[in-house]
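Good morning, everyone, and thank you for letting me take a few minutes of the meeting. Please have a look at the sequence and the structure before I start to talk you through them.

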Amino acid sequence: MSKKTKNTRKQTRDKGTSQKASSYHHGALRDALIRSAREILESEGYEALTLRAAARRAGVSQAAPYNHFADKAALLAAIAAQGFKEFAAAMRHEMDAAVDPLARLNATGIAYVAFATSNPGLFKLMFGSSVHQSSGDPDLDAARNSAYEVLRGAVHSVQVSGPRHLAREELESLRSWALVHGLATMINAGTIAPGIYGASSARELATSLLGSPQMEKKSSPSNVAKKRGK
């Protein structure tokens, strides 16, 4: 292949990339890069995710990401922030189908496990050491705190709904969080498989653990009243 032919092909590729990049209106390129980065996280893993890789998958130039992200850390923060927002929305959506405070708390746990196991790469990033501590990114910090408040608020509602002997609210929130986070992490790591426990999915296993008839019977208001009357 002649040098002239190679240069012509390169110019054609560069032109196509430029046209693709210019076709994004303001803000769309940022969203496209985040979407591409999330696809890489789930299909190839954290190690494969770079600004270049995200740009390549989005079909834009290697320089294009720097219009929105200063570096890889900024891209990761944006992905994690989006993840926490979706995470909180998933928990709220699950809670909407329940009325009883305990059932609503259990619903947050079921949604927690379902989200984590459906998005293992994203979940690992969200709670990884690189972004989980205070990041200095206000959007990420606000999204993370908002997601935790869904769980903490559900715990609070259970505590004020009746005569239950629970630990301090912050400790009970931690207990609930640790239970569902540990379950999701073990499933994602392959440490346990829902099928071993007769469940067809992670959601079904979480439902069995958190919303079992025995648990609801044990903590129902009528049973509490019976015990107090003895």
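I will begin with the protein as a whole, then go through some pairs of helices, and finish with a few single residues.

Please keep in mind throughout that what you see is a predicted model. The protein has 12 helices and zero strands, and if you read along the sequence you meet the pattern α-α-α-α-α-α-α-α-α-α-α-α. Of the 230 residues in the protein, 37% are buried. If we take the contacts between residues at least 6 apart in sequence, 61% of them join residues that are at least 24 apart.

Let me now turn to helix H5, which covers residues 101–118, and to helix H8, which covers residues 138–160. At what angle do H5 and H8 pack? The angle is about 160 degrees, and the two axes are 8 Å apart. Angles over 145 degrees count as roughly antiparallel, and H5 and H8 are therefore roughly antiparallel to each other. The crossing in which H5 passes H8 is left-handed. On the H5 side, the contact is made by Pro 101, Leu 102, Leu 105 and Thr 108, while on the H8 side you will find Val 150, Leu 151, Ala 154, Val 155, Ser 157 and Val 158. Sorted by class, this contact of H5 with H8 has eight nonpolar residues, two polar residues and no charged ones.

H5 also packs with helix H10, which consists of residues 202–210, and here the angle is about 155 degrees, with the axes 9 Å apart. H5 and H10 are therefore roughly antiparallel to each other as well, although the crossing of H5 and H10 is right-handed. The residues of H5 that take part in this contact are Asn 106, Gly 109, Ile 110, Val 113, Ala 114 and Thr 117, and those of H10 are Ala 202, Arg 203, Ala 206, Thr 207 and Leu 210. By class, the contact of H5 with H10 divides into six nonpolar residues, four polar residues and one charged residue.

The third pair brings us back to H8, this time together with helix H9, residues 169–189. The axes of H8 and H9 come within 9 Å and cross at roughly 120 degrees, and these two helices are therefore oblique to each other. The crossing of H8 and H9 is right-handed. From H8, the residues Tyr 148, Leu 151, Arg 152, Val 155, His 156 and Gln 159 meet Glu 169, Glu 172, Ser 173, Leu 174, Ser 176 and Trp 177 in H9. In this contact of H8 with H9 there are five nonpolar, four polar and three charged residues. If you compare the lists, you will see that Leu 151 and Val 155 of H8 appear in the contact with H5 and again in the contact with H9.

I would now like to look at some single residues, and I start with Glu 94, which is found in helix H4, residues 72–95. Is Glu 94 buried or exposed? Its relative accessibility is 19%, and the cut-off for buried is under 20%, so Glu 94 counts as buried. The side chains of Glu 94 and Arg 203 are joined by a polar contact of 2.9 Å. Leaving aside residues up to four places away in sequence, Glu 94 touches Ala 107, Ile 110, Ala 111 and Arg 203. Two of these names, Ile 110 and Arg 203, we have already met in the contact between H5 and H10.

In H8 there is Arg 144, which counts as buried because its relative accessibility is 10%. Which side chain does the side chain of Arg 144 contact? It makes a polar contact of 2.5 Å with the side chain of Asp 141.

H8 is also the place of Leu 140, which is buried, with a relative accessible area of 0%. Leu 140 and Lys 85 are 55 residues apart in sequence, yet from C-alpha to C-alpha they are 9.1 Å apart in space.

My last residue, Phe 127, sits in the loop between helix H6, 120–126, and helix H7, 129–132. Phe 127 is buried, with a relative accessible area of 18%. Between Phe 127 and Phe 84 there is a separation of 43 residues in sequence and of 9.9 Å in space, C-alpha to C-alpha.

Thank you for listening.

Methods: Residues are numbered from 1 along each chain as its sequence is written. This is a predicted model: local features need pLDDT of at least 70, side-chain atom pairs count only at pLDDT 80 or more; totals for chains, interfaces and linings use all residues. Side-chain values use heavy atoms; hydrogens and water are left out. Axes are lines fitted to C-alpha atoms, for helices over the stretch in contact, and angles run from 0 to 180 degrees between N-to-C directions. Helices (H or I, at least four residues) and strands (E, at least two) are DSSP runs, numbered from the N terminus. Angles under 35 degrees count as roughly parallel, over 145 as roughly antiparallel, 65 to 115 as roughly perpendicular and the rest as oblique. A crossing is left-handed if the near helix is turned anticlockwise from the far one by less than a right angle, and right-handed if clockwise. Contact means heavy atoms within 4.5 Å. Ala, Val, Leu, Ile, Met, Phe, Trp, Tyr, Cys and Pro count as nonpolar, Asp, Glu, Lys and Arg as charged, and the others, Gly among them, as polar. Buried means under 20% relative accessible area, exposed over 50%, partly exposed in between (1.4 Å probe, protein chains only). A polar contact is a pair of N or O atoms within 3.5 Å; within protein, one must be able to donate a hydrogen and the other to accept it, and residues adjacent in sequence count only if both atoms are side-chain atoms.
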